[in-house]
Amino acid sequence: MKLISVRTLFAYSLFVLACCQATIGAFAAQQQAAGQPPVDPKTTTRLTLGSTSGEPGTSVVVPIYFTPAEQFPVASATLNINFVSKNMKFSKLDVGAAAELGSVNLKSETRDSKNEQGLDTTTLTIAASVPEGSGKSIPSGLLGYVSFDISKTAVPANISLRAEASGQLTAGGAAKDMRAFGAQVEVLAEGEGGMVACFFFTH
């Protein structure tokens, strides 16, 4: 497998921060168009995946960006990512800068199943939490990086990463307005080259 350096991705962290800040207004507009309440930075906690692409037989890395609600710090968060897994498999979860600096513990597990069309799917569950009783909260920033292996026999296609999130507040109780924004992994034809976690946000 050809591996994309996590160190290279870390170098793009400031770019990701700026990109996410610039998309807050777009989030609100898209949520309203979908019939959902707009994103409110004061009350809405967000987990955002970044889109990327790669050729068959390579590994791709998807960043996870965490934006806590200004008025409701979060002590733990659970992110479920569901995707069709015929041509792509979960490889590993790496800790991001925000998680490392905030002493956030990250765990992952997968569950395989089939969807309504009979296609093989995987649900990747990522749990993030601060030390119990510390009174701390998960900080804003790059929470982690998810690596996926694209099958050598994969054909050009877009693999959707559908995301759902839930969490617990530092002050106690469930986070009431916690949203996850999914992304896509584009499988390219051989020779086209891939993006190094291009950080396009698709919702």
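These are my notebook entries on the confidence, the sheets and one cavity of a predicted model.

**Ground rules.** I worked from a predicted model, in which local features need pLDDT of at least 70 and side-chain atom pairs count only at pLDDT 80 or more, while totals for chains, interfaces and linings use all residues. I number residues from 1 along each chain as its sequence is written, and side-chain values use heavy atoms, with hydrogens and water left out.

**Confidence.** I looked up pLDDT, the predictor's confidence in each residue on a scale from 0 to 100, and found a mean of 85 for the protein, with 77% of its residues reaching 70 or more. Residues 8-28 stay under 50, and the model has 32 contacts beyond four places in sequence for them, a contact being heavy atoms within 4.5 Å. Residues 198-203 are also below 50 in pLDDT, and this stretch has 30 contacts beyond near neighbours in sequence.

**Five-stranded sheet.** I took strands as DSSP runs of E of at least two residues, numbered from the N terminus, and counted two strands as paired if DSSP finds at least two bridges between them. One open sheet has five strands in the order β5-β8-β3-β1-β10, with mixed pairing. Its edge strands, each pairing on one side only, are β5 (88-95) and β10 (178-181). Neighbouring strands here are turned by 20° against each other on average, direction ignored; the axes are lines fitted to C-alpha atoms, and angles run from 0 to 180 degrees between N-to-C directions. Within this sheet I followed β1 (residues 45-49) and β3 (residues 59-67), which pair in the antiparallel sense over four bridges, and I noted that Thr 48 stands opposite Tyr 65 in β3.

**Six-stranded sheet.** A further open sheet, of six strands, has the order β2-β11-β9-β4-β7-β6, again with mixed pairing. The edges are β2 (52-54) and β6 (105-114), each of which pairs on one side only. I found β6 joined to β7 by 10 bridges in an antiparallel run, with Thr 122 in β7 as the bridge partner of Asp 112.

**Cavity.** On a 1 Å grid over the protein atoms alone, I took a cavity as a set of points where a 1.4 Å probe fits but cannot get out, with lining residues having an atom within 4 Å of a point. The structure holds two cavities of 30 Å³ or more, and I examined the second largest, of about 40 Å³, a volume being the space filled by probe spheres set on the points, which are joined across faces, edges and corners. Its lining includes Leu 47, Ile 64, Ala 77 and Ile 126. The largest share of that lining, three residues, comes from β4.

Key:
On a 1 Å grid over the protein atoms alone, a cavity is a set of points where a 1.4 Å probe fits but cannot get out, and a pocket is an open set with protein on both sides within 12 Å along at least five of seven lines; lining residues have an atom within 4 Å of a point.
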